Amino acid sequence: MQNHWLRELHRLAWLLAASAALGLASGYPLLFLLLGLALYSGWMLWQLRRIHDWLKADQAGEPPHGHGIWGYVFDRIYRLQKDQQSIREKLEADVEYLHASFTSLSDAVVMINRHGMIDWCNPAAVRFLGLRLPVDLRQPIVNLLRDPRFVDYFEQGHFADPVIISAPIDQERTLSVHITRFGQGNYLLFARDISEILRLEQMRKDFVSNVSHELRTPLTVLAGYIDNFSLFADRNPAMKKPLEQMAQNARRMENLLRDLLELSRLETLSNETHKSQVNLQQLLAMIAEDARASLVAGESRTISVDCDGPVNIFGHATELHSALSNLVVNACKYTHDGGRIDVRCWQDDKGVHVAVIDDGIGIDPLEIPRLTERFYRSDRSRSINTGGTGLGLAIVKRILQRHEAELEITSALGKGSRFICHFPLHRAVGAGTIQQLVQQ
């Protein structure tokens with residue numbers, strides 16, 4: 001570029017020198033200098049006109065032929081245009097590829113700009129969301145999906161979890177809607193039909209509940225006859241061991257049915273809204289005392305309870321007793337004789353926390369994510385020899401969900417386990433006062 005400018009300055013210098021020479025020869029040097037400058041200016045204006053006409057007529061066409069600095073300018077603009085055209089074609093190809101990919105999806109996909117207006121949608125969005133093309137393009141998405149749950153979800157901007165809504169064109173169809181951000185403030189909406197999944201889940205719940213109810217009565221009859229026969233086992237020693245095994249397995253089946261019915265009951269209920277006050281310090285002291293009393297004769301565990309004062313929360317006392325007792329009893333089961341279980345309760349600016357910590361056999365960290373699944377047992381920490389049903393932690397998780405709480409599990413093999421229940425701050429009695437102190 002610098003060389004072109006130098007050559008252009010040389011050309012101007014030669015023109016002025018020639019004009020000056022002619023002016024000296026004719027006796028009018030100033031006039032010829034002005035004529036030389038006028039000629040150079042006219043040539044520059046002509047080049048500007050050429051580039052203007054070229055850009056106005058067809059930017060993709062071949063540039064006009066030029067000399068000196070103008071030849072460089074024409075070629076440079078032409079190369080920039082070619083680069084921009086290549087970039088534009090690549091972007092258009094990428095967009096077309098995305099459109100083709102999204103078009104083939106069975107889920108609804110809607111592209112939304114930063115102003116909340118629809119830029120594009122696939123055919124599934126037309127079927128599931130009732131969008132009309134091209135009428136609904138550039139229309140606000142909240143004007144077309146008016147379900148209050150979706151409107152709140154979109155306006156709040158918290159898209160970590162999907163929102164469940166009814167399909168606008170079919171109220172019997174249920175959609176799971178998830179939004180992600182992309183680009184500079186744009187949104188990508190995915191909607192999936194989960195009606196069949198919900199139907200199968202409800203069928204599973206109904207099946208478990210019905211089977212549990214139907215088996216309860218015959219199992220009770222069998223357990224009763226086994227108990228009666230056991231009274232006469234001394235007369236026939238050969239029957240003593242089989243009757244003990246039958247009684248043990250009958251009790252296991254009764255416990256399993258009891259937990260199944262309890263889990264089914266909890267799953268049919270919405271999140272807990274009961275506003276009775278529960279004193280966690282008293283509740284945990286009662287649970288610890290019951291756990292000590294339930295230990296096998298000859299075995300001992302050190303069970304301590306440490307609370308930061310009388311911490312009270314709003315909730316259902318019976319359900320909280322069931323959940324926290326389950327954690328303490330599990331800690332006793334999987335802690336060796338002479339081991340220690342620490343039960344702690346405290347409150348801070350994040351909420352109320354209850355921890356059950358033991359120094360038992362521990363759990364493989366790889367198995368922790370599955371511990372709250374139904375019937376899941378790890379090879380070591382969930383052995384069938386403990387007599388558990390495999391539903392305890394599933395019940396704990398559901399009870400905590402009903403109280404808007406979360407269960408945190410940390411453990412390592414041979415190093416014990418830590419189960420912490422995190423209750424939100426608004427569940428704490430007097431949470432408003434605490435929040436004001438924190439803000440101050």
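What span should the 17 residues of H10 cover at 1.5 Å a residue, and how far apart are its end C-alpha atoms? In this predicted model, the expected span of H10 is 24 Å and its end C-alpha atoms lie 24 Å apart, so that the two values agree. Within H10, the buried residues are Glu319, Leu320, Ala323, Leu324, Ser325, Leu327, Val328, Asn330, Ala331 and Cys332, a list that includes apolar side chains such as Leu320 and Val328 together with Glu319 and Asn330.

The chain to which this helix belongs has a secondary structure of twelve helices and twelve strands. Of its 440 residues, 36% count as buried, and the accessible surface of the chain comes to about 26,500 Å², with 57% of that area belonging to carbon and sulfur atoms. Among the contacts in the chain with a separation of 6 or more, 56% are accounted for by residues 24 or more positions apart.

Helix H8, which comprises residues 240-267, was examined in the same terms: its 28 residues reach 41 Å from the first C-alpha to the last, close to the 40 Å expected at 1.5 Å a residue. The buried residues of H8 include Leu243, Ala247, Ala250 and Leu257, and further along the helix Asp259, Leu260, Leu261, Leu263, Ser264 and Leu266 are likewise buried. The cover over these buried residues includes helix H7 (195-230), helix H10 (317-333) and helix H11 (392-402).

The packing of H8 with H11 can be described further. The two helices pack at an angle of about 25°, with their axes 10 Å apart, and because this angle is under 35 degrees, H8 is roughly parallel to H11. The contact involves Asp259, Glu262, Leu263, Leu266 and Glu267 on the side of H8, and Ala394, Ile395, Arg398, Ile399 and Arg402 on the side of H11. Of the H8 residues in this contact, Asp259, Leu263 and Leu266 are also among the buried residues of that helix. The crossing of H8 past H11 is left-handed.

Outside these helices, His426 is found in the loop between strand S12 (417-424) and helix H12 (431-439). Its relative accessibility is 46%, and His426 therefore counts as partly exposed, since that category lies between the 20% limit for buried and the 50% limit for exposed residues. Although 112 residues separate His426 from Phe314 in sequence, their C-alpha atoms are 8.7 Å apart in space.

Note on methods: Residues are numbered from 1 along each chain as its sequence is written. This is a predicted model: local features need pLDDT of at least 70, side-chain atom pairs count only at pLDDT 80 or more; totals for chains, interfaces and linings use all residues. Side-chain values use heavy atoms; hydrogens and water are left out. Helices (H or I, at least four residues) and strands (E, at least two) are DSSP runs, numbered from the N terminus. The expected span of a helix is 1.5 Å times one less than its number of residues. Buried means under 20% relative accessible area, exposed over 50%, partly exposed in between (1.4 Å probe, protein chains only). Contact means heavy atoms within 4.5 Å. Accessible areas come from the Shrake-Rupley method with a 1.4 Å probe; for residues, only the protein chains shown count as cover. Axes are lines fitted to C-alpha atoms, for helices over the stretch in contact, and angles run from 0 to 180 degrees between N-to-C directions. Angles under 35 degrees count as roughly parallel, over 145 as roughly antiparallel, 65 to 115 as roughly perpendicular and the rest as oblique. A crossing is left-handed if the near helix is turned anticlockwise from the far one by less than a right angle, and right-handed if clockwise.
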